[in-house]
Amino acid sequence: MDNDYAVVLTKLVGKMKLENCTPNISTDHIYIRKPDINRPALQLAGFMEDFDHDRIQIIGNVEHSYLMRQDNRAEIMDKFLSLEIPCVVFCNGFALEQSTIDAAEKYGVPLLRTNKTTSSFMAEVIRWLNVELAPTMTIHGVLVDVYGEGVLITGESGIGKSEAALELIKRGHRLISDDVVEIRKVSDDTLVGTSPEMTRHFIELRGIGIIDVKTLFGVESVKNTGNIDLVINLEDWDREKEYDRMGLEEHYVNYLGNNVVCHNIPIRPGRNLAVICESAAVNFRQKKMGYNAAQTLYDRAMANIAGVAFKSDN
């Protein structure tokens, strides 16, 4: 089965600091493929219709209280653990009976335990799995946090993306990734970008080589992840091409089904790319807050034309 969108259970155990109550069962070959979880109250009561056995199963207060009131709970757990589920997590630090551990080892189902409450653990694991299992793609570009907006700088190799990012870092902004950006679609509205572990916090500058941004400029100059809010595509100046000078119409680029606002910036000697990126980020934020400078200028021009026309008619 394709494991591109799967999380090995061992990673979940480590991330959530779960106790493995069945150490004889390896979690290295068990994969989680769905961010949803299931509290199996109905299944423990015998109702199996529409049961999704691929989900993480969580035993909370309700399920544990129900089991403790059943004289045949060993039989109930044996039947439940035979359903080819990936694992069972017991919240609130509940003690496990030996019969449950024996049944889990018989069917190869890891039993995990946490001291966290059921609600807090569910919220945390769902949020984490939504990111880990999100559709992913990799693109060539530089991702920088500029005034809280995630600005993805793209363009052909050698056009100046890394140099622009370095200048932005010197001006107080934060590098997320250089050269390779991993994009995850965590929701229908949100794309999150990050750097591969190997190249994290490094920038390649032609003629100089590799520099460590975190070491040179300090920890405040880097960031591990960030939303992709705006794309700035750098391209060589073309005298024959018409460039947008007003900005009344938004242009978009599509990543993983999400449209992201994109500005195509022509490159000529003497243009300060860092200032352009800063201005684009601030203008984008203004638009999100309801102010559109281009629309304001257009409205003024139309009002002025209408006023002139009115005077000429009279």
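In this predicted model, Thr 114 sits in the loop that runs between strand S7 (111–113) and helix H6 (118–132). With a relative accessibility of just 5%, under the 20% cut-off, Thr 114 counts as buried. Setting aside residues up to four places away in sequence, Thr 114 touches Leu 18, Val 89, Phe 90, Cys 91, Asn 92, Gly 93 and Phe 121.

Another loop residue, Gly 148, gives a contrasting picture. Gly 148 is found between strand S9 (142–146) and strand S10 (149–155), and at 46% relative accessibility it counts as partly exposed. Its contacts, again leaving out residues up to four places away in sequence, are Asp 229 and Arg 285. Pro 135 is 13 residues from Gly 148 along the chain, and the two C-alpha atoms are 24 Å apart in space.

Then there are the nonpolar cores. The largest has 29 residues, and Val 151, Ile 153, Leu 168, Ile 203, Leu 230, Ile 232 and Leu 234 are those with the most contacts inside it. At least two core residues come from each of S9, S10, helix H7 (161–170), strand S14 (202–205), strand S17 (230–236), strand S19 (258–267) and helix H9 (273–288). H9 gives the most, with six residues. To take one of the well-connected members, Val 151 is in contact with Val 142, Leu 143, Val 144, Val 146, Leu 230, Ile 232 and Ala 281, once neighbours within four places in sequence are left aside. A second core, separate from this one, has 21 residues, including Ile 32, Cys 87, Cys 91 and Val 125. Nonpolar side chains do tend to be buried together in soluble globular proteins.

As for aromatic rings, the count comes to one pair. Phe 51 and Phe 80 make up this pair, with 6.3 Å from centre to centre and 50° between the planes, so the arrangement is a tilted one, falling between the 30 and 60 degree limits. The pair links distant parts of the chain, 29 residues apart: Phe 51 is in the loop between helix H2 (41–44) and strand S5 (56–59), while Phe 80 belongs to helix H4 (residues 73–81). Both partners are buried, Phe 51 at 16% relative accessibility and Phe 80 at 1%.

Not every nonpolar side chain is tucked away, though: Met 246, Leu 248, Leu 297, Tyr 298, Met 302 and Ile 305 form a nonpolar patch on the surface, together offering about 530 Å² of accessible area. Within this patch, Met 302 lies in helix H10 (residues 293–313) and is partly exposed, at 37% relative accessible area.

Key
Residues are numbered from 1 along each chain as its sequence is written. This is a predicted model: local features need pLDDT of at least 70, side-chain atom pairs count only at pLDDT 80 or more; totals for chains, interfaces and linings use all residues. Side-chain values use heavy atoms; hydrogens and water are left out. Rings of Phe, Tyr and Trp (its six-membered ring) pair if their centres lie within 6.5 Å; planes under 30 degrees apart count as stacked, over 60 as edge-to-face and the rest as tilted. Helices (H or I, at least four residues) and strands (E, at least two) are DSSP runs, numbered from the N terminus. Buried means under 20% relative accessible area, exposed over 50%, partly exposed in between (1.4 Å probe, protein chains only). Patches are made of residues with over 30% relative accessible area and no salt bridge: like charges are joined within 9 Å, nonpolar side chains (Val, Leu, Ile, Met, Phe, Trp, Tyr) within 5 Å. Accessible areas come from the Shrake-Rupley method with a 1.4 Å probe; for residues, only the protein chains shown count as cover. A salt bridge is a side-chain nitrogen of Lys or Arg within 4 Å of a carboxyl oxygen of Asp or Glu. Contact means heavy atoms within 4.5 Å. A nonpolar core is a set of buried Ala, Val, Leu, Ile, Met, Phe, Trp, Tyr and Cys residues joined through side-chain atoms within 4.5 Å.
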